Amino acid sequence: MAAALPAQPRRRAPRLAGDARRAQIVAAACTFFADNGFSGPTRDLAASIGVTQALLYRYFDRKTDLIDAVFAEVFRDHWAEGAIETLKSTANLPMVERTSAVYEGMVSRMTCTATRLLFRAGLDNYPGPIFASANRCWPIWTAMLDEWRREEGLPSLAKRPMLEGERALMLSFHNAMVMIRVREHVFHAQRVLSDAEEIRQVAETHDAGIREVLHKLHDVGAQDARSLPAADETQAAA
C-alpha cells in the first residue's frame with residue numbers, strides 16, 4: 001500500500017500593514033467574485049490569497065461589506081466619467097459621430113473584471129451595483145436624448161420630461177454598446193470587428209431608429225404607455 005503523501009502546508013501571504021492588506025483582499029475579491037459569483041465561499045477567497053477566513057472578517061464585518069468594497073473599487077474610475085465633456089466637445093459633428101466618440105471612451109474603460117462583476121450582480125440578484133452604475137450614466141443618457149430631441153425639433157427635457165419610451169430607447173442604446181464587452185468577456189465570443197467599428201455600427205443603427213421613434217412618442221394623439229412620463233430618475237435609470 002502506497003504511503004500517504006504528506007499534507008501540503010497552506011500557502012501563507014507575507015505580512016502586510018492594515019491598509020495594504022485590505023487593498024490586497026479587495027483586489028483579490030474583484031477577480032474571485034468575477035470568476036465565481038457572489039456565492040463563492042469567502043474561505044476559498046482567503047485560501048487564494050494565503051490568509052485565514054478569520055482575517056478577512058477583521059477587515060469586513062460581513063460578506064456584503066466586502067462586495068460593496070469590490071464595487072467601490074471597480075467603479076472608482078467609472079466608465080461614464082468624462083462622457084459629458086466628450087459630447088460637448090463634438091457639438092459640431094453629427095450625432096452618430098458624437099455618440100461613437102462618447103462610447104469609444106466608455107467601452108475602453110469596461111474592463112473584463114468590471115464587465116463580469118456587473119453581469120454577476122444581475123445573475124446573483126445583487127441589484128445595488130446595477131442601480132449605482134446606471135445612475136452614474138444617467139447624465140450622459142439625458143444629454144444625448146436632449147440633443148436628439150433638439151435636432152428633431154422636439155421640446156427639450158426642461159420643457160417636457162422624459163417619456164417612458166425614451167427611457168427604454170436610451171437603455172436599449174446603452175445595452176447594445178455594453179454587449180460589445182459582454183460578448184467578449186462573458187460569452188467569450190470571437191471578435192472580428194474592432195471596438196471602434198462595432199461602436200460605430202451600433203451608433204448608426206440606433207441613431208436612425210431613435211429619431212423615428214421619438215416622433216411617434218411625441219405624437220400628441222398617441223395613446224401609448226410608452227408616451228407616459230418616465231418614473232423618477234433613480235427608478236428610470238435601471
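1. Ala23 and its surroundings. In this predicted model, Ala23 sits in helix H1, which spans residues 18-36. Ala23 counts as partly exposed because its relative accessibility is 45%, and that class covers values between 20% and 50%. Along the chain, Ala23 and Ala69 are 46 residues apart, yet their C-alpha atoms are separated by 9.6 Å.

2. Overall make-up. The chain has eleven helices and zero strands. Read from the N terminus, the order of elements is therefore α-α-α-α-α-α-α-α-α-α-α. Of its 238 residues, 41% count as buried. Among contacts with a separation of 6 or more, 74% are between residues 24 or more positions apart.

3. The nonpolar core. The largest nonpolar core holds 66 residues. Helix H9 (residues 164-185) gives the largest share of this core, with nine residues. The residues with the most contacts inside the core are Phe33, Tyr103, Met106, Leu117, Trp141, Met144 and Phe173.

4. Tyr103 within that core. Which residues does Tyr103 contact, leaving aside its neighbours within four places in sequence? The partners are Ser108, Trp141, Met144, Phe173, His174, Met177 and Ile199. Trp141, Met144 and Phe173 also appear, like Tyr103, in the list of core residues with the most contacts.

5. Glu198, a buried acid. Glu198 is found in helix H10, residues 195-217. Is this residue buried or exposed? Glu198 is buried, because its relative accessible area is 10%, and the cut-off for buried is under 20%. The side chain of Glu198 makes a polar contact with the side chain of Arg191, at 3.0 Å. Not counting residues up to four places away in sequence, Glu198 touches Ile180, Arg183, Arg191 and Leu193. Arg191 thus figures both as a polar partner of the Glu198 side chain and in this set of contacts. For a reader looking at the model, the side chains of Glu198 and Arg191 are the pair to display for this point.

6. The cavity. How many cavities of 30 Å³ or more are there? The count comes to one. The largest cavity has a volume of about 40 Å³. Helix H3 (53-59) and helix H4 (63-74) are the elements that give two or more residues to its lining. The lining residues are Thr42, Leu56, Tyr57, Phe60, Arg62, Lys63 and Leu66. By class, this lining has four nonpolar, one polar and two charged residues.

7. Asn125. Asn125 has a positive phi of about 55° although it is not a glycine. This residue is found in the loop between helix H7 (112-123) and helix H8 (128-151). With a relative accessible area of 67%, Asn125 is exposed, since exposed means over 50%.

8. His188. A positive phi of about 55° also occurs at His188, again not a glycine. His188 is found in the loop between H9 and H10. Its relative accessibility is 58%, so His188 counts as exposed. Of the helices on either side of this loop, H9 gives the largest share of the nonpolar core, and H10 holds the buried Glu198.

Methods. Residues numbered from 1 in each chain as written. Predicted model: local features only at pLDDT ≥ 70, side-chain atom pairs only at ≥ 80, totals over all residues. Heavy atoms only, no water. Core = buried A, V, L, I, M, F, W, Y, C linked by side-chain atoms within 4.5 Å. Buried < 20%, exposed > 50% of the residue type's maximum accessible area, 1.4 Å probe, protein only. Helix = DSSP H or I, 4+ residues; strand = E, 2+ residues; numbered from the N terminus. Contact = heavy atoms within 4.5 Å. Polar contact = N/O pair within 3.5 Å; in protein donor to acceptor, adjacent residues only side chain to side chain. 1 Å grid on protein atoms, 1.4 Å probe; cavity = no way out; pocket = protein on both sides within 12 Å on 5 of 7 lines; lining within 4 Å. Points joined across faces, edges and corners; volume = space filled by probe spheres on them. Nonpolar A, V, L, I, M, F, W, Y, C, P; charged D, E, K, R; others polar.
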